[in-house]
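Please look through the sequence and the model shown below before reading on. The explanation is meant to be followed with the structure open.

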Amino acid sequence: MRTKIVAGNWKMNNDLKESKSLTKKIIKSIKKTALKNTRVIIAPTFVNIERVAKKAKGTKVEVAAQNMHFEKSGAFTGEVSAEMIKAVGSKIVILGHSERRQYFGETDEMLAKKVNTALANKMEVIFCFGEVLDERKANNHFKVVESQLKNALFHLEAKDFKNIILAYEPVWAIGTGETASPEQAQEIHAFIRKILTDKYDEATAESISILYGGSVKPANAKEIFSKQDVDGGLIGGAALNKDDFKAIIDAI
Ligand code: PEP
């Protein structure tokens with residue numbers, strides 16, 4: 001059975017006090033919840049990872065970073081390495097988020113290097129990808145998704161996918177209130193599994209958790225998560241509110 005995952009991407013929100021408080025509330029809210037085959041992950045900003053990870057240690061909550069550089073160290077002002085993230089208590093990293101691609105010029109080539117570095121450091125990757133609105137309107141979303149996966153991930157071996165979580169995030173649905181319909185999500189998730197089967201094998205494709213991201217809220221989570229190939233969600237806005245985040249976890 002594939003692992004279900006609800007991951008909250010806090011983006012550039014929550015200072016230290018707010019991060020500690022929200023972490024505490026999330027831990028408390030799921031303490032008595034039987035999370036059958038489900039992982040809960042939160043991704044605070046770099047500067048708060050250490051304190052959040054300390055609070056989360058030994059609980060049902062795991063902590064991820066939102067980005068990472070592919071080099072180990074050096075003259076890369078403002079960047080953070082895999083070793084640095086691990087040293088403060090996180091072994092999971094979100095890579096390829098559309099905001100990184102859109103505002104910080106991340107390319108598939110850079111992401112391929114980041115993925116390699118994360119795996120070499122025995123980190124788990126939540127790999128984000130998805131089309132923009134014009135690509136969807138032009139019916140190019142299948143091609144776009146396939147090329148994003150091919151360029152950044154398909155140099156890997158099947159065994160490497162044990163440490164990869166995929167997050168399909170149509171850019172037009174991120175932070176817009178617009179959600180892909182459950183059918184649209186299922187259609188593309190099934191397509192992703194098919195190209196993974198073609199490139200690797202069915203067992204690999206069937207074992208990978210594929211999350212959906214894009215304006216998931218308590219009101220729509222259950223229907224989206226009910227789809228066969230949707231294994232959970234990457235949550236932005238709704239992850240900042242403990243009640244909404246808990247309701248989304250309950251919907252899985
Ligand atoms: C995201 O940033 O990954 C995301 C899905 O955001 P939102 O839920 O706010 O659309």
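The paragraphs that follow go from the overall fold to the aromatic side chains and then to a few single residues.

This is a predicted model, and the protein chain in it is built from 11 helices and eight strands. The radius of gyration of the protein chain is 17 Å, close to the 18 Å that the globule rule gives for 252 residues, and the chain is therefore as compact as a globular protein of that length. Its C-alpha trace spans about 45 × 45 × 35 Å when taken along the principal axes. Within the protein chain, 54% of the 252 residues count as buried. If one takes the contacts in the protein chain with a separation of 6 or more, 71% of them are accounted for by residues 24 or more positions apart.

The surface and the charges can be described in a similar way. About 11,900 Å² of the protein chain is exposed, and 52% of this area is supplied by carbon and sulfur atoms. The protein chain carries 39 positive and 32 negative side chains, and a distance of 9 Å separates the centres of the two sets.

The aromatic rings give a more local view. With a cut-off of 6.5 Å between ring centres, the count comes to six aromatic pairs. In one of them, formed by Phe 127 and Phe 129, the ring centres lie 6.1 Å apart and the planes meet at 20°; because planes under 30 degrees apart count as stacked, this pair of Phe 127 and Phe 129 is a stacked one. Both partners fall under the 20% limit for burial: Phe 127 counts as buried because its relative accessibility is 0%, and Phe 129 counts as buried because its relative accessibility is 2%. Phe 142 and Phe 191 form another aromatic pair, in this case edge-to-face, with 4.9 Å from centre to centre and 70° between the planes. This pair links distant parts of the chain, since Phe 142 belongs to helix H7 (residues 141–153) and Phe 191 to helix H8 (residues 182–199), with their positions 49 residues apart in the sequence. At 23% relative accessibility Phe 142 counts as partly exposed, whereas Phe 191, at 18%, counts as buried. Returning to Phe 127 and Phe 129, one finds that ring pairs link these two residues with Tyr 168 and Tyr 212 into a cluster.

Which residue lies 8.0 Å from Lys 113 in space, C-alpha to C-alpha, although the two are 39 residues apart in sequence? The residue is Ala 152. Lys 113 itself is part of helix H5 (residues 108–120), and with a relative accessible area of 44% it is partly exposed.

Two loop residues deserve a look at their backbone angles. Lys 11, which is not a glycine, nevertheless has a positive phi of about 50°, and its place is in the loop between strand S1 (4–9) and helix H1 (16–30). Asn 139, likewise not a glycine, has a positive phi of about 60°, and it is found in the loop between helix H6 (133–137) and H7. Because exposed means over 50% relative accessible area, Asn 139, with a relative accessibility of 54%, counts as exposed.

Methods. Residues are numbered from 1 along each chain as its sequence is written. This is a predicted model: local features need pLDDT of at least 70, side-chain atom pairs count only at pLDDT 80 or more; totals for chains, interfaces and linings use all residues. Side-chain values use heavy atoms; hydrogens and water are left out. Helices (H or I, at least four residues) and strands (E, at least two) are DSSP runs, numbered from the N terminus. The radius of gyration is taken over C-alpha atoms; the globule rule is 2.2 Å times the number of residues to the power 0.38. Buried means under 20% relative accessible area, exposed over 50%, partly exposed in between (1.4 Å probe, protein chains only). Contact means heavy atoms within 4.5 Å. Accessible areas come from the Shrake-Rupley method with a 1.4 Å probe; for residues, only the protein chains shown count as cover. Lys and Arg count as positive and Asp and Glu as negative; His and the chain ends are not counted. The place of a charge is taken as NZ of Lys, CZ of Arg, CG of Asp or CD of Glu. Rings of Phe, Tyr and Trp (its six-membered ring) pair if their centres lie within 6.5 Å; planes under 30 degrees apart count as stacked, over 60 as edge-to-face and the rest as tilted.
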